[in-house]
Amino acid sequence: MPLVHWRDHVSSHERRRKTEQTWWRNDRLDLANKIAGTVHMSYKLEVTDEDIEQAVVLLRAGKLVAFPTETVYGLGADASKVSAIRAVFAAKQRPADHPLIVHLADMAAVKHWTDVVPGEAWRLAEVFWPGPLTLVLPRAEHVPSELTGGQDTVALRVPSHPIALRLLNAFNGALVAPSANRFGRLSPTTAAHVHDELGDAVDLILDGGQCAIGIESTIVSFRQGRAVILRPGAVTAKQIEDTLHSEIAVPTQSSPRVPGSLASHYAPRTPLKIATEDDMENFLRRESANGPVAVLARRNRPQGTRAALWQVAPSSPTEYARQLYWLLRRMDDAGCQLIVVESVPEMPEWAAIGDRLMRAAANGFDLANEATGT
Ligand code: TXA
Ligand code: MG
């Protein structure tokens with residue numbers, strides 16, 4: 001199914017079957033083996049020019065079109081229409097002070113959105129665009145404060161997914177596109193996940209199969225002229241430092257400017273905790289007294305482990321990132337009282353994954369209500 005106008009064409013069962021194919025079963029706690037069978041599955045779905053045209057018509061009318069990017073699926077809307085921007089916030093149930101990323105077809109479009117592009121920002125754009133990098137720059141005066149959450153900066157990104165670029169070029173304008181999930185939840189990495197998250201709140205979903213990167217873009221701010229990483233992602237701090245030939249400031253927990261930096265974000269509904277390999281056995285002994293526990297770990301299940309479900313995660317960070325949200329969604333559906341994720345190495349190539357796991361884990365503790373997500 002090239003393009004999915006879910007409401008009109010497919011029942012929910014059909015949808016699952018078509019998009020995620022035959023591996024999906026409802027027998028919950030026996031999920032692990034079935035998930036394992038899908039690890040290398042990839043599917044490329046055709047999106048026709050007519051599909052893109054239909055998406056453009058909807059966007060021009062202020063409607064919402066979800067589309068694939070190389071990171072996660074975005075909930076697209078016309079960035080120049082305040083009513084469309086408001087519709088995005090409503091669909092996501094996202095608080096108004098959480099700004100959106102503006103998606104552009106190319107670097108040239110940046111100048112419409114900001115009057116100040118530091119040389120270092122251009123350099124990063126040249127090297128990493130199109131790709132999983134978002135630049136936060138001082139906003140031009142005309143940029144609506146609805147888009148920037150009232151901030152004096154605007155976030156810009158040129159995605160590399162061919163369908164995203166085709167859509168942006170055909171639209172001939174900019175699209176706001178937050179991850180196409182309800183506020184605080186896991187970002188969607190398939191079209192079916194978008195529908196599960198947003199249902200009829202989205203007018204059209206362009207189905208580009210599974211996202212290649214699987215976690216959200218690296219966000220680099222130039223608010224104060226110098227580069228600061230606000231959200232780690234597939235473009236690493238080291239790559240940025242190597243490109244700029246200078247040290248870059250790393251994210252701080254206290255940064256108020258990126259809601260994604262706050263706790264309880266990118267989270268499944270089931271509480272999630274992180275345990276080291278050494279602690280895992282004791283941890284499971286204690287926790288399984290309260291009900292079934294699902295485990296995500298980069299090794300096989302040790303004998304006698306008290307886990308209702310033991311999901312083996314990929315050992316390479318790129319593959320782990322690609323599958324992370326997808327695996328957490330499946331584990332979330334498994335009916336366990338707790339998901340335990342084995343901690344990942346404290347190495348630069350695992351930094352973005354460690355960051356997302358920490359946000360997801362925050363949901364498992366009694367955090368204050370200010371703990372939010374996007
Ligand atoms: O990979 C991605 O970036 C995906 C795909 C769809 O492009 N988009 C995405 O958007 O993750 P969203 O809205 O779910 O997360 C964007 C993050 C939020 O945490 C938001 O607060 C932050 O970017 N952000 C947006 N504008 C900002 C600004 N002016 N200053 C600081 N942070 C900003
Ligand atoms: Mg998001």
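Start with the crossing of helices α6 and α10: in this predicted model, the two cross in a right-handed sense. To see it, select residues 119-128 for α6 and residues 237-244 for α10. Their axes come within 10 Å and cross at roughly 115°. Now turn on the side chains. From α6, show Glu-120, Arg-123, Leu-124 and Val-127, which meet Ile-240, Thr-243 and Leu-244 of α10. Colour that contact by class and you get 4 nonpolar residues, 1 polar and 2 charged.

Next, step back from α6 into the loop that joins β4 (101-103) to α6, and pick Ala-109 there. Is Ala-109 buried or exposed? Somewhere in between: Ala-109 counts as partly exposed because it has 16 C-beta neighbours inside 10 Å, and a buried residue would need 20 or more. Add Gly-173 to the selection. Gly-173 is 64 residues from Ala-109 along the chain, yet their C-alpha atoms are separated by 8.5 Å. If you skip the neighbours within four places in sequence, the contacts of Ala-109 are Leu-104 and Ala-174.

Now go to the ligand. Select ligand 1 and bring up what surrounds it: 29 residues, with Thr-71, Gly-74, Pro-99, Ala-155 and Pro-178 the closest. Which strand gives the most to this shell? That's β6, with 4 residues. Show β6 as 153-157 and β5 as 133-138, since each of these strands supplies at least two residues of the shell. Colour the shell by class and it splits into 14 nonpolar, 12 polar and 3 charged residues.

For the next stop, select helix α11, residues 280-287, and look for its buried residues: Phe-283, Leu-284 and Glu-287. Why do these three sit on the same side of α11? They cover an arc of only 95° around the axis, so they share one side of the helix. Rotate the view to the other side of α11 and you'll find Asn-282, Arg-285 and Arg-286, which are exposed. Then add β11 (272-275), β12 (293-297) and β14 (338-342), which are among the elements covering the buried residues of α11.

Finally, zoom out and switch to cartoon. The protein chain comes to 13 helices and 14 strands. Of its 374 residues, 48% count as buried. And if you take contacts in the chain between residues at least 6 apart in sequence, 70% join residues at least 24 apart.

Notes: Residues are numbered from 1 along each chain as its sequence is written. Chains are lettered from A and ligands numbered from 1 in the order in which they are written. This is a predicted model: local features need pLDDT of at least 70, side-chain atom pairs count only at pLDDT 80 or more; totals for chains, interfaces and linings use all residues. A residue is near a molecule or strand if its C-beta atom, placed from the backbone, lies within 6 Å of it. Ala, Val, Leu, Ile, Met, Phe, Trp, Tyr, Cys and Pro count as nonpolar, Asp, Glu, Lys and Arg as charged, and the others, Gly among them, as polar. A residue is buried if 20 or more other C-beta atoms lie within 10 Å of its own, exposed if 12 or fewer, and partly exposed in between; C-beta atoms are placed from the backbone. The arc is that of the directions from the helix axis to the C-beta atoms. Two residues are in contact if their C-beta atoms, placed from the backbone, lie within 7 Å. Axes are lines fitted to C-alpha atoms, for helices over the stretch in contact, and angles run from 0 to 180 degrees between N-to-C directions. A crossing is left-handed if the near helix is turned anticlockwise from the far one by less than a right angle, and right-handed if clockwise.
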